[in-house]
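Visitor: Before we start, I would like to hear the reasoning behind each label, rather than the labels alone.
Guide: Then let us look at the model together and take the labels in turn.

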Amino acid sequence: MNIKNLDFRIIGIIFLIVGICIFIAGDCNSIIMGICMAIVMIGMVISMIGIIIMLQNQRIKDRRLEKDVETIIQPLITKYSKINKELIRTQTKENMDTYIAQRHKMNKEIEEELTKRIPYLSKREIKNIVIAFNRDQDSL
């Protein structure tokens, strides 16, 4: 197990719960109270570290995405928008099924390319980009 993969927030919460449970189960002994207080404090510190790490990772991800919007996402959207305009221009009522199939294929290609070129985005975030692209294309 790699230390980068640990979620310190969950570990801290576990320490907090353990400390509180020991406090509830124990007598009003000063030794037990001291141990409980130490466990709760350790849990709080670990949780704070987890929150700080999460915020730093999100900030780094946002900076990378800000750069990648201009260099990767925008050209990709422009490319597929032009392809979609060609599809719309050649579309008739008879070949609507073909158009829908081509749009699904285009969406899968966009997802694959974004996944390959921007690996730090989650599948949900990539799907949101594709959905926003489809909404823009549907307004055409």
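Guide: What follows is a conversation about cysteines, salt bridges and a cavity in this predicted model.

Visitor: How do you know that the structure has zero disulfides?
Guide: A search of the whole structure finds none, and the distance between Cys21 and Cys36 shows how the rule applies. The cysteine sulfur closest to that of Cys21 belongs to Cys36 and lies 9.6 Å away, whereas a disulfide needs two cysteine sulfur atoms within 2.5 Å, so the pair is too far apart for a bond. Seen from the other side, Cys36 is in no disulfide, its nearest cysteine sulfur being that of Cys21.

Visitor: What makes Cys36 count as buried or exposed?
Guide: The relative accessibility of Cys36 is 3%, and buried means under 20%, so Cys36 is called buried. Cys21, which sits in helix α1 (residues 8-25), has a relative accessible area of 44%; because the class between 20% and 50% is partly exposed, that is the label Cys21 receives.

Visitor: Why is the contact of Lys61 with Glu125 called a salt bridge?
Guide: The closest N and O atoms of Lys61 and Glu125 are 2.8 Å apart, and the rule asks for a side-chain nitrogen of Lys or Arg within 4 Å of a carboxyl oxygen of Asp or Glu, so the pair qualifies. This salt bridge links distant parts of the chain, since Lys61 belongs to helix α2 (residues 30-90) and Glu125 to helix α4, 64 residues apart. Lys61, at 18% relative accessibility, counts as buried, while Glu125, at 27%, counts as partly exposed.

Visitor: How many salt bridges does the whole structure hold?
Guide: The search finds five, including the one between Lys127 and Glu111, whose closest N and O atoms are 3.3 Å apart. That pair also links distant parts of the chain, with Lys127 in helix α4 and Glu111 in helix α3, 16 residues apart. Lys127 is partly exposed, at 40% relative accessibility.

Visitor: What separates Arg117 and Glu113 along helix α3?
Guide: Arg117 and Glu113 are four residues apart in helix α3, which means that about one helical turn separates them. Their closest N and O atoms are 3.5 Å apart, and the two residues form a salt bridge, this value being within the 4 Å cut-off. As for their surroundings, Glu113 has a relative accessible area of 18% and is therefore buried, whereas Arg117, at 38%, is partly exposed.

Visitor: How do you know how many cavities to count?
Guide: The count takes cavities of 30 Å³ or more, and by this rule it comes to one. The largest cavity has a volume of about 30 Å³.

Visitor: Which residues line the largest cavity, and what makes them charged, polar or nonpolar?
Guide: The lining consists of Glu111, Thr115, Lys123, Ile126 and Lys127. Because Glu and Lys count as charged and Ile as nonpolar, with Thr falling among the polar residues, the lining divides into three charged, one polar and one nonpolar. Helices α3 (96-117) and α4 (123-138) each supply at least two residues of this lining, and α4 gives the most, with three. Glu111 and Lys127, both found in the lining, are also the partners in a salt bridge described above.

Methods:
Residues numbered from 1 in each chain as written. Predicted model: local features only at pLDDT ≥ 70, side-chain atom pairs only at ≥ 80, totals over all residues. Heavy atoms only, no water. 1 Å grid on protein atoms, 1.4 Å probe; cavity = no way out; pocket = protein on both sides within 12 Å on 5 of 7 lines; lining within 4 Å. Points joined across faces, edges and corners; volume = space filled by probe spheres on them. Buried < 20%, exposed > 50% of the residue type's maximum accessible area, 1.4 Å probe, protein only.
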